[in-house]
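Student: I have a structure open and would like to talk it through. Can we take it piece by piece?
Tutor: Fine, go ahead and ask.

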Amino acid sequence: MATVSLTVNGKAVTANIDPRTLLVQFLRENLRLTGTHVGCDTSQCGACLVHLDGKAVKSCTTLAVAVDGASVTTIEGLAADGALHPMQEAFREHHGLQCGFCTPGMIMSAVDMVNRRGHQLDEKTIREDLDGNICRCTGYHNIVKAIAAGAEAMGKGTAPVRQAAE
Amino acid sequence: MSVTGIGAAVRRKEDHRFITGQGRYTDDVNRPGQAHAYFLRSPHAHAKIKSIDTKAAAGMPGVLGIFTGADLAIDKIGGLICGWMIHNKDGSPMRAGPHPALAQGKVRYVGDHVAVVVAETLAQAKDAAEAIAVDYQELPAVVDTAKAAGAKTVVHDEAPDNTVFNWHLGDKDATEKAFKAAKHVTKLDLVNNRLVPNAMEPRAAVGDYDAGDGVFTLYTTSQNPHVARLVLSAFIGIAPENKLRVIAPDVGGGFGSKIFIYAEETVCVWAAKKVGRPVKWTADRTEAFLSDAHGRDHVTHAELATDAEGKILAMRVHTTANLGAYLSTFSSSVPTYLYAPLLSGQYDIPAIYCEVDAVYTNTAPVDAYRGAGRPEATFVVERLIEVTARQLGKDPAKFRMLNYIKKFPHQTPVIMMYDTGNYGASMKKALEMIDYKGLGKRKRDSSRASKLRGIGFSSYIEACGIAPSAAVGSLGAGVGLWESAEVRVNPVGTVEVLTGSHSHGQGHETTFAQLVSDRLGIPIDNVSIIHGDTDKVQMGMGTYGSRSGAVGMSAIFKALDKVIAKGKKVAAHVLEADEADIDFADGHFTVKGTDRKLDFGSCALQAYVAHKFNGQELEPGLKEGAFYDPTNFTFPAGVHICEVEIDPDTGVTRIDRWAAVDDFGNVINPMIVEGQVHGGIAQGVGQALLEGARYNADGQLVTASFMDYTMPRADDLPSFEVGMTVTPCPSNPLGIKGCGEAGAIASPPAVINAITDALGHEDIAMPATPQAVWRAAQKSISRLAAE
């Protein structure tokens, strides 16, 4: 067994775990934060994407002990003080989800994209940058729109303007 | 139209939990004392099991139980079933081998289930599985669809030539006669590539057993929990239905693959009693590739006969369909009644004859995948139509319009009675949206940039809401295909609707609530939609085949009629008027010609307190149920046009524009409907350009992860132009046709027709990967040079 200490969504956690425990298993099974999903086990689909010290990582191929001391943000920690994060609001507003399984990873990936590439994201940039996230339901059409709107809203610090889904 | 009623783009009620990480999928379910299952799978495509030695494994840390097919046999647990009987041309029944949930004596595909280990942790279960010694006698494998029939290797003794059935539909003599009289005959050989559905949520199950009451509970990733309960109870024999509860909570996509009753779910619920602990299993992605039912896998020869003017005279089709190593739950219906009856497409074709040979191979079972038979039919029809237009030197849009069915109802020569449609309207709109007039200039521009540009059409039709039950029963279905609903009005006027449909991405919690809000005149937030639990919803047939709107919502509609009728009786007493004088509109019961009225919530309260009427003459309460059995299939149809630009140096096909015009009848929520179209197109584009499940000659699946099997990603796809035309469906009260599969049905031929238009020849198969397109483009270039 190994001891791991992390800050998860702002709260300090320490646990004794089997050293082969993956970060996603630690989040889902030890902490019961089941919003982070496992879709492929091989870092391809991005359903397991979380922020590790502010940067996107795929938690299905990260050992929990390897990130001892780090700060982790999951989808459950994205909304501040009960208000939805602008990117969450944008996904809802633009119908950027259907079954919802890839959604937590998509939203965490989108927020990371904005952190890296700014608030004005064109379609080509979003599509290329979204290479590490797979969705089987939406055909990406509305995800791309949601990310563009969410990015802009993050820049303004407000929720995206409501508009008809096209 | 109200902001939350029928026709409004209401934002989804279910989204809040999904975007905040509060969705509750099967793998999120954890039962007290839960143990973990791991399945030992066959590494061989075909082998006899001489022995299985579990002794060493059984003594390993954390192991609670190891079970094999022999244990299932001792407990008299039946095999998995195929619920649709197909008859051969000579009238004899199809030849089906047994399908035990854990192998008994033989394994028939890589991934076949040999044993299950239940242990305290998943890691311990995996460790123990490695210590199980299985003595296999390897056998040669039969893999190739086209070569399976009559191969020396026999998959099941019950089908000695590997043929499950030789089936046919249509008038052979009339078709032969029409071909003899034809001026032109187009001949095509087509392969409809094998696909892996790959819902993003892998299949999962948690089996639980309450020893006190003798009740089993199965949490599972199902599109149809009641069908699962029926099969697990009546055929597999886990427990009687009243002792078996099946819960399908949030389900992360299905696309058909979660209709079926699989080995793992069966074993988990059974094993829960054996070990006296809840048993959980979740597939990893490679297990999903190996053991989820695959889709498509047809090899077809098709011919189309036309007269001197280009009018279609007849079609004949021969298809070999690979059903894999075992018959999955509805597999036999897919290449038969979901396929051949769609071969008339949108066209007036006087004679059609279709033969289908279904074969066993040493590959994963093949069953319904988004569209199920209809994409395969549409690919045949639309490739034939496109190539015929080219061979006759006709504009592909005009050639289609010449042959479109224009009068309704229309009886095709292959069972279907199309009720309504306006195919020309969809084509005209799609041509405008794609700017067909500007195509010539765009082609010249591409050519100047050393690129090849092409346009491809697809006029598809699908048959949804499969029913009536008596009709599908006569075709061999083992179930009826109605739907049920129950509307429970609470004393405060809020409403719970229990539906037998199941949502796994379709947004029923929103669209169904829109219907209720609209009809009862109550706020949408006062409506809750409940589904996916056999203890809550009495019965249901689930969601597949784009049936939830046309069939599921029609059942709700019918139940709402009854609620309103009962409400009128209550209101008549409260308002002291004759029941015949009570009207209901905008959430109020009113007395004709007066200003007396009662709002819906107050009526509900009066129904429950029962102070104003005699409870012996009028039952208290406000709760009504309905079963709805449609009178016909529904026939969504539309036109998709795809325009591609190919770089002949790299073989990369870029989809430059996409215009989709669909007629889904009346639409409840256009935002959700368009989302369904987007997703369907993406899956069809995946089939056309990227995806293909490949077995090598030994029967090893060489595309068994997302690193080997190319899923469409955001930068593989364009944004889509989606439009609609509307001819309301006459056979259900809401006029709905269904929208869930249209995109996946329409898109593969649109893409391939565009690529072949760009290449100038027809020699390309799906998936048209960059390598395949590059090779084909070299052929185009050498042809051009020769000219």
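Student: What distance separates the centres of domain 1 of chain A and domain 2 of chain A?
Tutor: The centres are 21 Å apart, taken over C-alpha atoms. Keep in mind that this is a predicted model.

Student: Where do those two domains of chain A begin and end?
Tutor: Domain 1 of chain A covers residues 2-77, and domain 2 covers residues 86-156.

Student: And how many residues does each domain of chain A put into the contact?
Tutor: Domain 1 of chain A gives 15 residues and domain 2 of chain A gives eleven.

Student: Which elements are on the domain 1 side?
Tutor: On the side of domain 1 of chain A that touches domain 2, strand 3 (49-52) and strand 4 (55-58) of chain A each give two or more residues. Strand 3 of chain A has the largest share, three residues. By class, that side of domain 1 has seven nonpolar, seven polar and one charged residues.

Student: What order do the strands of the chain A sheet come in?
Tutor: The five strands of this open sheet in chain A run in the order 2-1-5-3-4, with mixed pairing. Strand 2 (11-17) and strand 4 of chain A are the edge strands, each pairing on one side only. From one strand to the next, the twist averages 40 degrees.

Student: What holds strands together in a sheet anyway?
Tutor: Strands of a sheet pair through backbone hydrogen bonds, in either a parallel or an antiparallel way.

Student: So in which sense do strand 3 and strand 5 of chain A pair?
Tutor: Strand 3 of chain A and strand 5 (residues 71-73) of chain A pair in the antiparallel sense, over two bridges. In strand 5 of chain A, A:V72 is the bridge partner of A:L52.

Student: Which helix packs on that sheet?
Tutor: Helix 3 (residues 103-117) of chain A packs on the sheet and touches strand 3 and strand 4 of chain A. The direction of helix 3 makes about 40 degrees with that of strand 3 of chain A.

Student: Now chain B. How many helices and strands does chain B have?
Tutor: Chain B has 19 helices and 28 strands. The radius of gyration of chain B is 28 Å, close to the 28 Å that the globule rule gives for 787 residues, so chain B is as compact as a globular protein of that length. Along its principal axes, the C-alpha trace of chain B spans about 90 × 75 × 50 Å.

Student: What percentage of chain B counts as buried?
Tutor: Of its 787 residues, 59% count as buried. Also, of the contacts in chain B with a separation of 6 or more, 80% are between residues 24 or more positions apart.

Student: How is chain B divided into domains?
Tutor: Domain 1 of chain B is 17-139 + 200-253 + 258-291, domain 2 is 298-466 + 632-786, and domain 3 is 482-628. The C-alpha centres of domain 1 and domain 3 of chain B lie 39 Å apart. Their contact involves 16 residues of domain 1 of chain B and 14 residues of domain 3 of chain B.

Student: Which element gives the most to the domain 1 side there?
Tutor: Helix 6 of chain B, with four residues. By class, the side of domain 1 of chain B that touches domain 3 has eight nonpolar, five polar and three charged residues.

Student: Back to both chains. How many residues are in contact between chain B and chain A?
Tutor: In that contact, 42 residues of chain B meet 46 residues of chain A. Helix 17 of chain B gives the most to the chain B side, with eight residues. The side of chain B that touches chain A has 18 nonpolar, 14 polar and ten charged residues.

Student: One last thing, the hairpins. Which residue takes a positive phi in the hairpin of strand 22 and strand 23 of chain B?
Tutor: B:D586 does, with phi near 50 degrees, and this hairpin has two residues between the strands. Strand 22 (residues 582-585) and strand 23 (residues 588-591) of chain B are antiparallel and pair over four bridges. B:D583 stands opposite B:T590 in strand 23 of chain B.

Student: And in the hairpin of strand 23 and strand 24 of chain B? Which residue takes a positive phi?
Tutor: There B:G593 takes a positive phi near 75 degrees, and five residues lie between the strands. Strand 23 and strand 24 (residues 597-599) of chain B pair in the antiparallel sense over three bridges.

Technical notes: Residues numbered from 1 in each chain as written. Chains lettered and ligands numbered in written order. Predicted model: local features only at pLDDT ≥ 70, side-chain atom pairs only at ≥ 80, totals over all residues. Domains from an automatic or database assignment. Contact = placed C-beta atoms within 7 Å. Nonpolar A, V, L, I, M, F, W, Y, C, P; charged D, E, K, R; others polar. Rg over C-alpha atoms; globule rule 2.2 N^0.38 Å. Buried ≥ 20, exposed ≤ 12 C-beta atoms within 10 Å, placed from the backbone. Pairing = 2+ DSSP bridges. Axes fitted to C-alpha atoms, helices over the stretch in contact; angles between N-to-C directions.
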